[in-house]
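Open your viewer and set it to a cartoon view. Have the selection box ready, and keep the sequence in sight.

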Amino acid sequence: MIVLDLEWNQPFGGRRMEEIIQIGAVRLAEPGGTVQDWFNMHIRPSIYPKLSPVARKLPESAQALTAELDFPAAYQAFLDWCGDDSLWAEWGAQDHGVLAANAAYWRMPEPPVTACVDLQAAFGRTLGIGIGRRVALEQAVEYCGIPLIYEFHNALYDALYAALVSAWLTKDALAASVPPPSTGKPRRRRSIRFSPVEYPRQPRQKVGVFPEREQVLNSRQARLVPCPLCRTPGAVESWYPQGDVFYGTFRCQEHGRFPVRMSVTRQKDGWQGRRVVPTLTEPERAAFAAAHQHEPFQCRREKAKRRKRHRKKGKGQSKPGA
Ligand SMILES: [Zn+2]
């Protein structure tokens, strides 16, 4: 099993794809097993040569800027290192999507991953906390009593820490987080058919602030999106996560299906979304396709309906399917 972690240059100022600047990974005999091997490479950013303010704070960002390897060379070395190991694990299960997006951008083969264990979700299951509550790697490492020898936000060390945490997870929690292997069909078939109509650049819309992250995703404010051509609203039904960014789609009866992208970030007073109907450039399509391979967040029904159902139950009138 390969435990992967990436560091990347975040999209900012009109950017659309995370550009990877470090690939770190360790190989385990099995989840929780001994570390057999490791991989670490810094990558010189070449799509966006300037680092984002967040990426600049990474402990190893200087190594990326002076790295000799570009993405294609480092990725090829990583593919060679992976060999036939197609069971991966990641903290949050988003990294292979970012890797796939970068690979697609450079027109290189997809990551050879057939199943990916979301160690973060498995950690939540082991603890018995809700799926929407995500524990940061630092907290999990501390919780497990693992000595804090290495600094965080270095891809190799984060992969190592995640691998060590995996020893602490229950078998049940781990098993449940392995998605079934893909059917072998090319993934492109699952891609969404967006409206071919061109539309003007769409404004950003603020959503929230809400006390919980899931409330941002569930809110009408986030989910009801006006068609970029006729302004008739359509509803987003599920969000596909890609780090702090969520992708969804909605339909206009007349103009077809459109993409929605929403970043959700923590503010001083809660969680806030920034939503936009993006223009479909090639990196945007790649990022969307990568996110679309993740387990989606299904939006819940409106609060009013749930309250009503709850009240009925209280009176002992609950009917199946009511
Ligand atoms: Zn329309």
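This tour goes from a sheet to its core, then to the salt bridges and one loop. Bear in mind that the model is predicted.

**Stop 1: the sheet**

Select residues 205-210, then 297-298. These are strands E6 and E13, the edge strands of a sheet. Each of the two pairs on one side only. Now fill in the rest. The sheet is open and has six strands, in the order E6-E12-E11-E10-E9-E13. Its pairing is antiparallel.

Walk in from the E6 edge. Strand E6 pairs with E12 over five bridges, in the antiparallel sense. Click Phe 210 to see one example: its bridge partner in E12 is Trp 271.

Next, select residues 270-276. This is strand E12. How many of its seven residues are buried? Six are, so E12 is largely enclosed by the rest of the structure.

Step across to E11. Seven bridges join E11 to E12, and the two run antiparallel. They also form a hairpin, with two residues between them.

Go one strand further. Select residues 245-252 for E10 and 256-267 for E11. Eight bridges hold this antiparallel pair together.

Now click Arg 261. Which residues are its bridge partners on the neighbouring strands? In E12, the partner is Val 276. Tyr 247 is the residue whose bridge partner in E11 is Arg 261. Keep Arg 261 highlighted for the next stop.

**Stop 2: the helix on the sheet**

Select residues 282-291. This is helix H11, and it packs on the sheet. H11 touches strands E9, E10 and E11. Turn the view to compare directions: H11 makes about 100 degrees with E10.

Show the side chains of Arg 261 and Glu 284. They meet in a salt bridge, at 2.6 Å from N to O. Arg 261 is in strand E11 and Glu 284 is in helix H11, so many steps along the chain separate them: the two are 23 residues apart. Are these two buried or exposed? Arg 261 counts as buried, at 9% relative accessibility. Glu 284 is buried too, at 0%.

**Stop 3: the nonpolar core**

Stay in this region and show more side chains. As background, nonpolar side chains tend to be buried together in soluble globular proteins.

Select Leu 217, Trp 239, Phe 250, Phe 258, Met 262 and Val 264. They belong to the largest nonpolar core, which has 28 residues. Within it, these six touch the most other members.

Which elements give two or more residues to this core? They are helix H9 (213-218), E9, E10, E11 and H11. E10 gives the most, with five residues.

Zoom in on Leu 217. Its contacts include Trp 239, Phe 246, Met 262 and Val 264. Leu 217 also touches Arg 223, Phe 297 and Cys 299.

Then zoom out. Another core, of 26 residues, lies apart from this one. To find it, select Val 26, Cys 144, Ala 163 and Ala 173, which are among its members.

**Stop 4: a salt-bridge network**

The model has three salt bridges by the rule used here. You have met the one between Arg 261 and Glu 284.

Select Arg 27 and Asp 37. Their side chains form a salt bridge, with the closest N and O atoms 3.9 Å apart. Arg 27 is in strand E2 (residues 19-28), while Asp 37 is in strand E3 (residues 35-42). The two are 10 residues apart.

Check how open each one is. Arg 27 is buried, with a relative accessible area of 14%. Asp 37 is partly exposed, with 30%.

Add Asp 85 to the selection. Its side chain meets that of Arg 27 in a salt bridge, at 2.8 Å from N to O. Asp 85 lies in the loop between helix H3 (71-82) and strand E4 (87-90), so the pair ties together parts that are 58 residues apart in sequence. At 21% relative accessibility, Asp 85 counts as partly exposed.

Now show Arg 27, Asp 37 and Asp 85 together. Salt bridges that share partners join them into one network.

**Stop 5: a buried serine**

For the last stop, select Ser 52. It lies in the loop between E3 and helix H1 (53-56). Is Ser 52 buried or exposed? It counts as buried, at 1% relative accessibility.

Where does its side chain reach? Add Ala 55 to the view: the side chain of Ser 52 reaches the backbone nitrogen of Ala 55 at 3.1 Å.

Note on methods: Residues are numbered from 1 along each chain as its sequence is written. This is a predicted model: local features need pLDDT of at least 70, side-chain atom pairs count only at pLDDT 80 or more; totals for chains, interfaces and linings use all residues. Side-chain values use heavy atoms; hydrogens and water are left out. Two strands pair if DSSP finds at least two bridges between them. Helices (H or I, at least four residues) and strands (E, at least two) are DSSP runs, numbered from the N terminus. Contact means heavy atoms within 4.5 Å. Axes are lines fitted to C-alpha atoms, for helices over the stretch in contact, and angles run from 0 to 180 degrees between N-to-C directions. A salt bridge is a side-chain nitrogen of Lys or Arg within 4 Å of a carboxyl oxygen of Asp or Glu. Buried means under 20% relative accessible area, exposed over 50%, partly exposed in between (1.4 Å probe, protein chains only). A nonpolar core is a set of buried Ala, Val, Leu, Ile, Met, Phe, Trp, Tyr and Cys residues joined through side-chain atoms within 4.5 Å. A polar contact is a pair of N or O atoms within 3.5 Å; within protein, one must be able to donate a hydrogen and the other to accept it, and residues adjacent in sequence count only if both atoms are side-chain atoms. Lists of a residue's contacts leave out its neighbours within four places in sequence.
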